[in-house]
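Q: Can you walk me through this one? Start with the surface, and tell me how the areas are worked out.

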Amino acid sequence: MSLEPAGSNPEYVLTIVCPDRPGIVFAVSGFLVQHSANILESQQFDDQLEDRFFMRVRFEVYDARQTLEGLRETFDVVARTYSMSWHLWPAEARYRTLIMASRFGHCLNDLLYRQSTGALQIEVAGVVSNHPDLEPLAKTYGVPFHHVPVTEQGKADAEAELLDLVGTLDVDLVVLARYMQVLSDEVCLALEGRAINIHHSFLPSFKGARPYQQAFDRGVKLVGATAHYVTPELDEGPIIEQDVVRVDHTLSAPELVAAGRDVECQVLSRAVRWHAESRVLLHGGRTVVFR
């Protein structure tokens, strides 16, 4: 992650997942009080069916002597007491992001534009594509472009190059912005919890090539999109965000495609924003999203 200059009082985000039991909120609040912190935003969810507790707290610290490392070290005592899985980051940290796309550039363009205007808390470290078509778009935003061709015989080498880029560029998040290649189980596991995919919500009704044409031929009335974490199970990872737009018989096939692209952009950008702001907590095959 990269950081921007902090204001007069540094701000942090703390996320927690742990077994539910009395005293968790009191313990977290007590820790913050002891370290001269003021809560700016607090959200929590208690899953009573599975006895799991989820919490996100954004806070500022008034004592300049408190450092991120010090806060992490002392909170670890609280975390071990309550068997917490937790993360503590500066609130202004920007996720270093690698965007992958093939030939459709609408989601890529949308993410690059939103990042350039500050609407997304990410820093795009590069664009990866199995085709050269989108290189001019990446260069328009001054983002490095990496052409990594994928062939049946060379897929393993291409994926090794991808993972090498993730490590070399110190990437926090990988976004599949209409990347039309299926990642191997090994790559999915290597990127577990930090790779987001977008696809239309016709699945499983209209699979394969030209799904929007298939939808047009069937006279669909809703066009939607789903953003989810990448897992070895194709298009079945934990869902972060979904949306739909109503369509009707007056739309031509190209207009249906345009409506679908718009909703894909909106859904993916929201999923990326929430992930980068530490608002998404994994809950088995589901997610808890503190909007």
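A: Accessible areas come from the Shrake-Rupley method with a 1.4 Å probe, and for residues only the protein chains shown count as cover. On that basis the protein has an accessible surface of about 14,500 Å², and carbon and sulfur atoms make up 51% of it.

Q: What should I know about the model and the numbering?
A: This is a predicted model, in which local features need pLDDT of at least 70 and side-chain atom pairs count only at pLDDT 80 or more, while totals for chains, interfaces and linings use all residues. Residues are numbered from 1 along each chain as its sequence is written, and side-chain values use heavy atoms, with hydrogens and water left out.

Q: Fine. How many helices and strands?
A: Eight helices and 13 strands. These are DSSP runs numbered from the N terminus: helices are H or I with at least four residues, strands are E with at least two.

Q: What about the radius of gyration?
A: It is 21 Å, which agrees with the value near 19 Å for a compact globule of 291 residues. The radius is taken over C-alpha atoms, and the globule rule is 2.2 Å times the number of residues to the power 0.38. Along the principal axes, the C-alpha atoms fill a box of roughly 60 × 40 × 35 Å.

Q: And what share of the residues is buried?
A: 49% of the 291 residues. Buried means under 20% relative accessible area, exposed means over 50%, and partly exposed is in between (1.4 Å probe, protein chains only).

Q: Let's do strand 1. Which strands does it have bridges to?
A: Strand 1 (residues 11-19) has seven of its nine residues buried. Nine bridges join it to strand 3 (residues 52-61), running antiparallel, and six join strand 1 to strand 4 (residues 85-90), also antiparallel. Two strands pair if DSSP finds at least two bridges between them.

Q: Which residues are the bridge partners of E11 and L14?
A: E11 has E60 in strand 3 as its bridge partner. For L14, the partner is L88 in strand 4.

Q: What domain does UniProt place at residues 13-86?
A: An unreviewed UniProt entry places "domain: ACT" there. UniProt positions are given in the numbering used here, feature names are shortened, and annotations may be inferred rather than shown by experiment. In the model, residues 13-86 are 34% helix and 41% strand, with end C-alpha atoms 10 Å apart.

Q: Any active site annotation? Which residue does it cover?
A: The unreviewed UniProt entry puts "active site" at D235. That residue is in the loop between strand 10 (222-229) and strand 11 (239-246).

Q: Is D235 buried or partly exposed?
A: Partly exposed, because its relative accessibility is 28%. The D235 side chain also has a polar contact of 3.2 Å with the side chain of N197. A polar contact is a pair of N or O atoms within 3.5 Å; within protein, one must be able to donate a hydrogen and the other to accept it, and residues adjacent in sequence count only if both atoms are side-chain atoms.

Q: Switching to W274. Where is it, and what is it in contact with?
A: W274 is in helix 8 (residues 253-276). It is buried, because its relative accessible area is 4%. Leaving aside neighbours within four places in sequence, W274 is in contact with I240, E241, R279, V280, V289 and R291. Contact means heavy atoms within 4.5 Å.

Q: R279 is on that list. What does its side chain do?
A: The side chains of R279 and E41 make a polar contact of 2.9 Å. R279 is in the loop between helix 8 and strand 12 (280-283), and counts as buried because its relative accessibility is 11%. Its contacts more than four places away in sequence include E41, Q43, R56 and W274.

Q: Last one: what is odd about phi at D51 and D170?
A: Most residues other than glycine have a negative phi. D51 has a positive phi of about 55 degrees, and D170 also has a positive phi of about 55 degrees. D51 is in the loop between strand 2 (37-47) and strand 3, and D170 is in the loop between helix 5 (155-168) and strand 8 (173-176). D51 is partly exposed at 42% relative accessible area, and D170 is partly exposed at 47% relative accessibility.
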